[in-house]
Every structure is written in C-alpha cells, then in structure tokens.
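Reader: I would like a close look at a single part of this model, with its strand pairing taken step by step. Please go through that part in one connected answer.

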Amino acid sequence: MSLRIRLVLSIALLLLVSLATGGAAAWLRAERSVRTEMEAALSVGQHTVGSALAHLAGRPAPQDRSDEDIATLLTRLVGAFDGDRHLKVSLRQPGGGVVASSRLAVPDHPAPAWFVRSLDVPQLSAEVPLPGFSGQGLWLRLETDPSGEVSEVWGELGDDAVMMMLFSALALPMVYWTLGRALRSVDRLSKAFAQVAETGMETARPVAEAGPPELRRLAVGFNRMIERLAAAEARNRRLHEQLQTIQEEERADLARDLHDEVGPYLFAINVDVTALMAAAERAGDAAMRDQARSAREAVAHVQQEVKAILARLRPPGLSDLGLRAALENLAAFWRARRPDVAIAVTVAPGPHLGEAGDTAIYRVVQESLSNAIRHGRPRSVSVGVTSLAGGITIDIADDGDGLPAEAPPSTGYGLRGMAERVAALGGSLTVANRPEGGVRVHAVLPSAAGISAVATPEAA
C-alpha cells in the first residue's frame, strides 16, 4: 500500500473516530438536555395551571356557579395546552376517568424508536387537585412527553452528521490531491534511484529540485550524490583502463621473454638431442637412442606448451595482422578442435578502436567462444563485430544449453573480467539467455575518441 493511500486512510479513520466520539458526546448532552427540558416543561405547566386557577378563583364564588360552568372552564383550561410539544394535561374524575385531555404536537420527523429508548428519559407527572371548583373531586394531571424534544435532538444530530460527512467527502479528495502533489517529488526520486540501481550511472539524470522544502533538500542531496558517483565511476574506469594496459604490457613482456629467452634454449636443446640421436645410431647404442628420442619428444611438448602460453598471453596476429585475422585465427583454433561446431565470424569494416579497443574485442570474443564450446554444447556459434555511430558492437550468440538459472551470469571469473575490461573503456556488456535457446553476449564499446577520453586522467 502506498504512503499516499496510507495517509488518506489514516485521516479517514481519524474522521470516523472523531465522528463516533462527537456522536457519543452529543448523545450524552442530548439525554441531559431532554431531561432538563422535561423538568422545565412540567414546572412551567404547573405554574401555568396555578396561575389559571388563581385567575378563576378571583371570579364569582364557585358555589354560585353550576357544575356545568365549572367543567366548561376547566375543559377550556385543558384545551389551552393543545399543541404543546412537551406537556400533556388531562382533566380527570375520581376512579381515573378522563373528562378532557390536551393534544400533543406531532413531530414533523419523529426519532427512531431505538434512539428514544437509548436516551432513557423518564416520564414526569404531577397532579393538581381542584377542591374549590367542584364537589365531585375533579383534578388535573400533568404528564411530560419527551418524543417531541427527542425528535428535535435527533434532527440536530442528523444535521451535524450530514455536515461531518459532507466535510469528510470534501476533505479526503483534497487531502489525496494535496498528498499527490507533495509526494510527486518522492516518486521522481524513487524512479531515479531505481534507474541508478538497474542501469548504473550511465543513464542517471538529475531530478528537479522542486516540491516542499524537505523533499527539495532530498532532491538536492540526490543530485550531489550522482555527481560524486559519476566522478568516482569515471575515476574507476580510468584505473581499470590503466590496470588493463599494465596487464597487457606485462603479458607482452612475459611473452617476449618466453619467445626470446626460453625459445632459443629449447631450440638448442632440440638440436643437441637430435645430434645425440644421430651419434647413438652410428654407435649402435639403442638405449641411448631411445633416451634421446624421449628427450626430443619432451622438448617438442614443452615447445607446444610455450606456444600455447604465448597465444594466451598475447593474441596471435592482433598487432601484426589486425583484428579480423586474429578473430579468424581464434575461430580456426576452435574449428580444429571441435569440427562438429559451426563457427561464423563477421567483422564489418568500421572505425579502428586502437590497441586497447582491439584487445578488448578479442578478449570478449575469446572468453565467449571458450565458454560456449566448453559449457554450452552448441551446434553453431556466430560472432559479429559491427560499427555503430560513435562505437562498435560485439555480438556472440550460440544455440547451446544456455545459462543455468541458479547461477547469475556475473558470478564467473571470466565474465567478470570481460565486464571489467569493457567498463574500463566506457562500454557496456550484457550476458543473457536467448528466447530461442543458447546465450547471447552483447557488448558496446565507444569510438577511439571516447576510449581516449576515458583513458586520459583528468587534470589535477
């Protein structure tokens, strides 16, 4: 769940809690308010009845009035309470019979029965005797009815709830929109970090330094970070390139020493052993002849091993014949050992990358061919070197078994060496399984000018 949704849900939950708390508080206030209103209504009713009776008592003496007149006056007094919202007045006679009763006002929007029961407001009542107005023992009963007041409270609570829900309906989209604008900078930073993690510093771009101050400071820090990482990566590339150059120079020196120092001695030993074999033949010494033959075979084996070491130390023909001939010799080497594998080499004419670039191309093809034939059991391998605008691409594809799923391509020493060699020249390398089967090695190297720019240290 995104931070934006979490914040909106948290605010919505806070609003619900506030609504529930406000409803509980309003319910408590409503119960006290209805109870107070009922007590006040009963008190006012008693005062009104008392005032009316006192007014009637100031008229001619009751004994001078007929019972019919007294009943009429009392019925009018009861009728004066018709339409009252809280108080019901009834004229009663001995035995509980009702002579007359007032009518309560009917609420426009009655409250639900469960709400009326929840308030639990008791019904209050009072009895007013009329000894001076009738010899028949008539009396007045005053009773409160909270339904009107409860309906009014219910309406007020409903209005408050509607206002609260309307406020929430307007506030939550506003909060969602505001958070979206505020977190837009976070989204940009997240995408920028993901891009750096996936593709490295080659495609890293500064992010806009906009938004709230806190997020703007994050953007500024990110931009400074990628600047320093880019500078550090450039320095690492230069160091890798220098290291590769030193390694190639050491390989060349070692190859030259093997060729110039060890080679002549092996040749001399071979000549001497051949002379010993001839002398043994003339002397008829079969044992000496066999020992000399064994020594000559050992010298021939050592010479072959030295040639193989020289081929690994320095690509044969790369400096003398060029990249195309060196790659053809490499393909011929594997064709001779694995005639069942078809190896096709295509080198398109293009810009010359210099000795460092040609050596990198040769080593990438050499390692890729070796891995494909030794581990992939392919039937065919294609090698392509083509020119691009501003650089060279190398593609080596086979139809073998492919890379194992449990071993990522970057774990092999040879593949790491290829990646470091290409990265030292400012290029990129990808190794992945092909959808149709097999492995594809794809490398991109910049032009000779780009390689020179990477290889040249910055001025202090």
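**Strand β9 and its partners**

Author: In this predicted model, strand β7, which spans residues 391-398, runs antiparallel to β9, and seven bridges join the two. One point of contact along this pairing can be named residue by residue, since D395 has H442 of β9 as its bridge partner.

Strand β9 itself covers residues 439-446, and six of its eight residues are buried, so that the strand is mostly covered, where buried stands for a relative accessible area under 20%.

A further pairing of β9 is with strand β8, made of residues 428-433, and here too the sense is antiparallel, with six bridges between the two strands. Within this pairing, S428 stands opposite V444 in β9. The two strands β8 and β9 form a hairpin, with five residues lying between them, and in the turn G437 takes a positive phi of about 115 degrees.

Taken together, β9 is paired with β7 through seven bridges and with β8 through six bridges, while H442 and V444 are among the residues of β9 for which the residue across from them can be given, namely D395 for H442 and S428 for V444. For a careful inspection of this part, one may therefore follow β9 from residue 439 to residue 446, bearing in mind that six of its eight residues fall under the 20% cut-off for buried.

How values were computed: Residues numbered from 1 in each chain as written. Predicted model: local features only at pLDDT ≥ 70, side-chain atom pairs only at ≥ 80, totals over all residues. Heavy atoms only, no water. Buried < 20%, exposed > 50% of the residue type's maximum accessible area, 1.4 Å probe, protein only. Helix = DSSP H or I, 4+ residues; strand = E, 2+ residues; numbered from the N terminus. Pairing = 2+ DSSP bridges.
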